[in-house]
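Student: Can we go through the ligand site together? Please show me the model.

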Amino acid sequence: MVTKTKTSTNTQSSTKNKTQSITVAEISQRIEHHLKFTLDEQINVDQKPAYWRATSLALNDIIVEKLQNTKARQQQSEVKSVNYLSLEYLMGRLLSNNLHNLGLYTNTEKALKTMGFELADLCEQGADLALGNGGLGRLAACFLDSLATLDYSAMGYGVHYQHGLFKQSFADGQQIETPDMWREFGSPWEICRPESSQTIPLYGHIEEVAQANGTIKSVWHAGKTLKGVPWDVPIVGYNSDTVNALRLWECRADNAFDWDTFNHGDYLQAHQQQVAAETVSKVLYPNDEHEAGKELRFVQQYFFCACSVQDIIARFENQYGALAEQSHWQTFCEKVAIQLNDTHPTIAILELMRTLIDNHNVDWDNAWAICQKVFAYTNHTLLPEALEKWSVALFQRVLPRHLSILYRINEAFLNDDVNALWPNNDDMRARLSLIEEGHEPKVRMAHLCVVTAHRVNGVAQIHSDLVKQDLFPEFDQLWPTKLTNVTNGITPRRWLKACNPLLANLLDSTINADWAKDLNRLSELKHLADNADFQQQFMAIKQQNKIALTKEIKKLTGITVSPDAIFDVQIKRLHEYKRQHLNLLHIISLYRQLLANPELDMQPRVFIFGAKAAPGYKLAKEIIYATNKVAEKINNDIRIQDKLKVVFLPNYRVSLAEKIIPAADVSEQISTAGKEASGTGNMKLALNGAVTIGTLDGANIEIAEEVGDDNIFIFGLTVDEVKALDAQDYNSYQYYQNNAEIRACLDWLDTDYFTPGNPGELSSIKESFLAGGDPYKVLADFQSYADAQLALDKAYRNPSQWAKMAILNTALMGKFNSDRSIEDYVQNIWHLTVSK
Ligand SMILES: *Cc1c(COP(=O)(O)O)cnc(C)c1O
């Protein structure tokens, strides 16, 4: 194998000890340097934003050095590298996490103290990097953390959205969206890499050109080009030698292309093109679990895929030499893995095919073999409305060459693979085809992924089983080893060590190991779950975290809550399948019971919500409005003696989750069975000692297996029971008629009790349960949910029983370390080796 001259390195094999030994004085010096020379600020002015920025820049200097060392080391060792393609990364804030991962938190805290600042305060300063909607984007962020922690070579690819997920506020209970301005004044964590810019063709037509050897070559004459400019965000491993990068693509007009217009004097027209190009990476589409279907979104996906694929090839050729040499195709497969996070980056498959064939003279069969070896795909949803399909007409207009490649893939697939197993079966061909025929033919993106990828994984065991049984049964017959499972995980660095320092300290002093790396070591707590002394320490920390959240609630909403109440938390995107409205219905029922009997024997409870609704999702927004209106009434009703409070915290995001989760007693994971692919919020909350009330859905099932039935409250229909109900024509009216509590609560929503003077404002929720057919089986699960809540209330009132449950939840979450997920991907899909 011919390789380019290797960079000679004198990298120390272990830099981690080096960073940890950076002294307090040195950190102070570095911060002061940036204050003075980068920011032109006076030292010791009382200006948190300036100190936040200077601290971040000082840290970034250390990180960038480590990034360079990592790159050199990875190149030299020629390890295989994974390229994680995701349209979303929900990174949150970076300062606290980077400090913890580098082992510099304590020394930085000391340095800042001498300058008159609390590090914890400064960590609150930066904006969240909210370049994602919810679980899918947060998963990508956790995976990058684990990849660097485990010393794997990895590049995250994403979009450099100018505006991430919208900011949410409430006006009279209604959700208001405003643009996210995360980099209004620049971010200290990103490095622009103009030398790695890409030029991306689109639109135009194909010319078939006869070759000298008698074959025909397709030449794409693009109608337009875009420029992709990469910004790298360093990803710091925890207590490791590795800093990888997240490469985010920003779209700009291609200057070269605009030359003509400038020369013809149409200066303003040229600027228009600039504006049009910039819209491609302007904003994150805010639809969770729902495809947007708009041309700009399609172009955004393509732009992202094309930039990333071209960059992957450029990086490969830079290290190993030109791909055009036949001997290097094999090397490419050995050194490159590409993971597709859902179908959003599917076009990368067609783009790699096109590039190999049109630009690198690889023949069809070899190009296809390379793609099959390199790509793997993660499925995240079974919801039909979230399965992406793009109209063939749109494809034809924007990406004519890619469409012709897709047709040829489809032909080979139908004529060879499908025909071999189901000869001359038109019905099967229509079902499996990459094209959905009909009035408006569409490309089925998931089918292209499954046909191409060598592995397709679901994200929790039940979900992967359903992918096989219900979503892709024929594909599973065709390729019995292709469909597999990798259960999701979360990084214990962000979701315990950094966000819950009190508990982290207790664990440090109890467990003689780096539990934040080897989370299974927490199982040693099992032996302390019954220990009264330990219970007292564990619950005292929960209490302190609850007091802190109490203050945050007061600050954000003005509502006063008692830390002695049960803190019952449902935080996640607002979606019918997640059933915030089941929680709401139960709250209304509790309120009714309390009004009927103010002496009702129950532990006071605070129901805490955090959720954004997609701006176009009408019912989701009405559920937010209803919850706020019910909250207003309940929180101001002195008759119920503070036994019930309802708090909807605005602008749910990673940094808010980090405040809520350490203070949660109860974790609401109440999706309709079969609808939540995995969930990861469930893992974060359990890890921090919250007890789950949940359905047998997604990873809840595996959480229940880990903690045992005594330490979780399971209720509701199972997947099979939901299917049976659907098969026999589920009739939600029956529950309304037969259950007096349900009837009373739903009828209450029709009155103006919660919306004085405006009866009917909350009726749409009732309508969705009745005339709407209750597609998510809220009424069918209501009684079982209410019963589980009663059992939970009883358990909480036995403090030592509750403490034991809480401790065991923390103790038994080892499986859900995202490091374990990454090792599963490595063994089963990527086959990487470490580089350290
Ligand atoms: C973890 C997380 C999610 C995912 O929560 P689920 O309950 O699994 O849907 C969504 N948003 C944020 C900000 C998160 O941190």
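Tutor: Here is a short chat about the ligand and the residues around it. The model is predicted: local features need pLDDT of at least 70, side-chain atom pairs need 80 or more, and totals for chains, interfaces and linings use all residues. Residues are numbered from 1 along each chain as its sequence is written, and side-chain values use heavy atoms, without hydrogens or water.

Student: Which residues come nearest to the ligand?

Tutor: Lys-572, Lys-578, Thr-680, Gly-681 and Lys-684, out of 15 around the ligand. Being around it takes a heavy atom within 4 Å.

Student: What does Lys-572 do there, in distance terms?

Tutor: A polar side-chain atom of Lys-572 is 2.7 Å from a ligand oxygen atom. A polar contact is a pair of N or O atoms within 3.5 Å.

Student: And where is the backbone of Gly-681?

Tutor: One of its polar backbone atoms lies 3.0 Å from an oxygen atom of the ligand.

Student: New topic. Why does the ligand lie between two domains?

Tutor: Domain 1 (78-93 + 128-488 + 823-830) and domain 2 (499-508 + 515-816) both give residues to the shell, so the ligand lies between them. The bounds come from an automatic or database domain assignment.

Technical notes: Polar contact = N/O pair within 3.5 Å; in protein donor to acceptor, adjacent residues only side chain to side chain.
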